[in-house]
Amino acid sequence: MGASQCIRAHERAARPGRPDGAGQWSLGRASGDSAMEDCARRSGGGGSMSRGGGRMGKLRWLQQTGLFGLAIVLFVVVMAFSFVYWEDRTANPDLPQETPTPAEPSPAFVEGRYEPTAVLTTVGHLYPDIKFKNGEDLQNNVLTRLFEEKLGIKVSYLWTTTGDEDVYINKLNTSIAAGQSLPDIVTFKGGQNLYPLLRSGAFRDVGPLFERYASPKWKAAMAQAPEAWDRYTINGKKLAVPILDGKMNSNEVLYIRQDWLDKLGLKAPSTLEEMEAVMDAFVRGDPDGNGLDDTYGLSLSVKNSFLKWMSDAGFVFGAYGALPDIWSIGENGRLVYGSVQSSMREGLTTLRRWMERGYVPKDAEIVDELQATEAWTQGKAGMIVAPLWAAGWPLGNVAANVPGASFDAYPIPSGPGGLSGTRGTPSEYGAIAINVDMENPEIFFRYMNFVYDNFIDPPADSPYSWGIAEGYDFGYANGKPTFREDEVPGGLADPQKYLLSLSLPSIPNLLSESIARINGGAGARTSYDIKNKLLRTPQELKGWTIVESNPSVYKTDAFTGAPTPTMEKIGDALDEMLHDEMLKIVYGQEPVSGFDRAVTRWYELGGEEMTEEVNEWYSSLETERW
């Protein structure tokens, strides 16, 4: 069932005389009425309501085996239970109020460690970038042993999942709905899928806990980005601790194959018009010299969204004044949704022209961000818009795959009116929720305090000056620290990926200030500066200079709160409807005027209500922020 069918189902369910379904159970990101839930189930139960099938075949099988009636009964029972369980319990005044005081005496923490060992339970997802060595796994590795030795904290995983992140979220949903025991803490990457869980009443208000147990260094870091709390604050309660990201760390630049520019006698483009000329040369000038028509101007992914963290197309729209999929402050001071702004038409027209002329791969609509980079890393695409850190991995792989390949960083091109814009770095990249039944939440805070006090900007005499563990995220070559894969026996395996925070969290301003010192030629003040200088490629360092010189180019979502009621009910379906129509325009299947019809429908089917809800949140922001 596609987006348009989901929306029609929602329209039918929302007619007078029908319940609006607020608070009903759903899997993945959205919650809403039964019609919308049916759409989500048909599409696999994930975050976005993607196309699916096979339901009718299952029904026929049930009818043939005589189990159809039993299945219907079980379905009704489960859904009735789910409706009761998944109501928004965070607003219920009859529920016990959270306090930071443990229900029982805290385990003994003597001379910096627990005696006996304290067990901290969690669950995990094996993301594709996690790498192990020495026969280790997520349960038993150099990092889990370190915390058990140093702090007396044993991290125990109740279960782990693999594949798409929706598998992880759905398993959590199922665990709560079935009344199964939850771990002490649950970590979410990205944060977009966790709201039905946070509203379930299964997790406690972490605000008082953070105030009581967080270390001064962690509190100071959070004070640099107070808006990070907004996304996880529901009914006045902070239901998850945000995982902080570094300021500008994932801001994007345009990376270009410098050897192609030099071979064809071209200069790097500064405008979209100049970019088209360079792309045309990259497509028709045989820059790889193999005599075949097999190169592209730009690596691109437009699967599910035009605004990406890698292989981004959002900059094309930013050149005309608005970015898709995020909210920004409009001329009247109200928040407006970028995807429905009139300037989207110019961006769509440009992308359509690029697709027709073969400047971008035709498979851009079916490949994700990393898959799209393969055109670059295999030497078949001459440009890519990607975050600063991508200059090392994965973009640096092109030098290993293509002899003589070189590339450099350049500013995001501007549009006809001199505008330019692309995605900036949000203040957080995920969150950690604490089980309402966890008796001693200070165990988790001691864990994270150790991370902030030892792994982030450690003092020069720290055993963690160069990384978490020698032989994993760093080594020594000729008596000097090295971060090169081929200079560490057995290769690198980053223990930061094993942290409960999924990666090393940040002090927001730390990295940008360190890079500014490096680029400014100042002497290294700390081991952190020295490590950064060793880790960052020349292209990334140049990219940082570009980013710092053009702060207005980088846009983040002005709406940082939890999803509004309309967003939860139908927001994903509305986004999918818009995106499907925009893809049809880019691929030449619909005229550009189809965008106007889609925008009108977006407003009629819930966009107007959603805009009012977002602005109601925006108006009350200062009083709600902690």
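The following dialogue examines side-chain contacts in a predicted model.

Student: What makes E276 and R357 a salt bridge?

Tutor: The closest N and O atoms of E276 and R357 are 3.5 Å apart. The definition asks for a side-chain nitrogen of Lys or Arg within 4 Å of a carboxyl oxygen of Asp or Glu, so the pair qualifies. E276 belongs to helix α11, R357 to the loop between α13 and α14, and the two are 81 residues apart.

Student: Why is E276 called buried, and why is R357 called partly exposed?

Tutor: The relative accessibility of E276 is 12%, and buried means under 20%, so E276 counts as buried. R357 has a relative accessible area of 39%, between the 20% and 50% limits, and is therefore partly exposed. E276 and R357 also belong to a network of salt bridges that includes R353.

Student: How do you know that K380 and D294 form a salt bridge?

Tutor: Their N to O distance is 2.8 Å, which is within 4 Å, so the criterion is met. K380 lies in the loop between α15 and β12, D294 in the loop between α11 and α12, with these positions 86 residues apart in the numbering. K380, at 26% relative accessibility, counts as partly exposed, as does D294 at 22%.

Student: Where do R536 and E540 stand, buried or exposed?

Tutor: Both residues are buried. They form a salt bridge with the closest N and O atoms 3.1 Å apart. The whole structure has 21 salt bridges.

Student: Turning to the aromatic rings, how many aromatic pairs are there, and why is the pair of F132 and Y498 called stacked?

Tutor: The structure holds 29 aromatic pairs. For F132 and Y498 the centres are 5.0 Å apart and the planes differ by 20°. Centres within 6.5 Å make a pair and planes under 30 degrees apart count as stacked, so this pair is stacked. F132 is partly exposed at 26%, whereas Y498 is buried at 2%.

Student: What makes the pair of W260 and F282 edge-to-face?

Tutor: The ring centres of W260 and F282 are 5.2 Å apart and the planes stand at 80°; over 60 degrees counts as edge-to-face, so that name applies. W260 is in helix α10 and F282 in helix α11. W260 has a relative accessible area of 1% and is buried; F282, at 0%, is buried.

Student: Why is R446 said to lie over the face of F109?

Tutor: R446 is 3.8 Å from the ring centre of F109, and the distance limit is 6 Å, so the distance condition is satisfied.

Notes. Residues are numbered from 1 along each chain as its sequence is written. This is a predicted model: local features need pLDDT of at least 70, side-chain atom pairs count only at pLDDT 80 or more; totals for chains, interfaces and linings use all residues. Side-chain values use heavy atoms; hydrogens and water are left out. Helices (H or I, at least four residues) and strands (E, at least two) are DSSP runs, numbered from the N terminus. Buried means under 20% relative accessible area, exposed over 50%, partly exposed in between (1.4 Å probe, protein chains only). Rings of Phe, Tyr and Trp (its six-membered ring) pair if their centres lie within 6.5 Å; planes under 30 degrees apart count as stacked, over 60 as edge-to-face and the rest as tilted. A charge sits over a ring if NZ of Lys or CZ of Arg is within 6 Å of the ring centre and within 35 degrees of the ring normal.
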